[in-house]
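Q: Please take a close look at one part of this structure, the place where two helices pack against each other, and describe it for someone who has not seen it before.

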Amino acid sequence: MQVVLGGTFDPVHDGHRKLFTRAFELGDLTVGLTSDDLAPKTRNVERYVRPWAARREDLAEELERLAAEYDREFEIRELNDPFGIATEPKFDVLIVSPETTGGGEKVNEIRAERGYEPLELEVVDHVYAEDGEKISSTRIVNGEIDEHGNLTPERLGREAEHGEASEWTSGGE
């Protein structure tokens, strides 16, 4: 089975690892990693997003470990449009989180317009931090939690480390 998912993955955290694990349970995986231009447009809040090459390197490290564990193949491709690669005919399953299910339905509308079979939407629930709130990259970047959801009140976020968030939202520097 050919599985696809997409995201910014900056930084990778246990919620992402749950998505990747489910994907590898189902088949070989293609990940659409948002481009430097697209990444800031997909954020709910303005924040620094690291450059594509740095995010790709960290993502590949995560996927290599899981792919070996499940004896699966993976590919990372640059995602320049929110629906991007999932609209290609070769995929069978799209991994989504509860809040991205609507995007998955839109992907299937685009696929139908192109005469392709719909993707099975595999909804993977969130992973929660020790405070009961969901783990998110934004919370990690803000210094609230670490990648595993542990509270980190002593940690500074990226904004404090790099300056004002508005200077860093392009993802390109």
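A: What follows goes through the packing of two helices, then one residue within it, and then a loop elsewhere in the chain. The model is a predicted one, and in it helix α1, which covers residues 14-26, packs against helix α2, which covers residues 52-70, at an angle of about 40° and with the two axes 10 Å apart. The crossing that α1 makes as it passes α2 is right-handed. On the α1 side the residues that take part are Arg-17, Phe-20, Thr-21, Phe-24 and Glu-25, and they meet Leu-59, Glu-62, Leu-63, Arg-65, Leu-66, Ala-67 and Tyr-70 of α2. Sorted by class, this contact of α1 with α2 is made up of seven nonpolar residues, one polar residue and four charged residues.

Among the charged residues, Glu-62 can be followed further: Glu-62 belongs to helix α2, and it counts as buried because its relative accessibility is 14%, where buried means under 20%. Once its neighbours within four places in sequence are left aside, Glu-62 is in contact with Val-12 and with Arg-17, and Arg-17 is one of the α1 residues that meet α2.

Turning to the loop, Gly-143 sits between α4 (137-141) and α5 (158-162), and this glycine also counts as buried, because its relative accessibility is 5%. Pro-153 lies ten residues from Gly-143 along the chain, and the C-alpha atoms of the two are separated by 7.0 Å.

Technical notes: Residues numbered from 1 in each chain as written. Predicted model: local features only at pLDDT ≥ 70, side-chain atom pairs only at ≥ 80, totals over all residues. Heavy atoms only, no water. Helix = DSSP H or I, 4+ residues; strand = E, 2+ residues; numbered from the N terminus. Buried < 20%, exposed > 50% of the residue type's maximum accessible area, 1.4 Å probe, protein only. Axes fitted to C-alpha atoms, helices over the stretch in contact; angles between N-to-C directions. Left-handed = near helix turned anticlockwise from the far one by under 90°. Contact = heavy atoms within 4.5 Å. Nonpolar A, V, L, I, M, F, W, Y, C, P; charged D, E, K, R; others polar.
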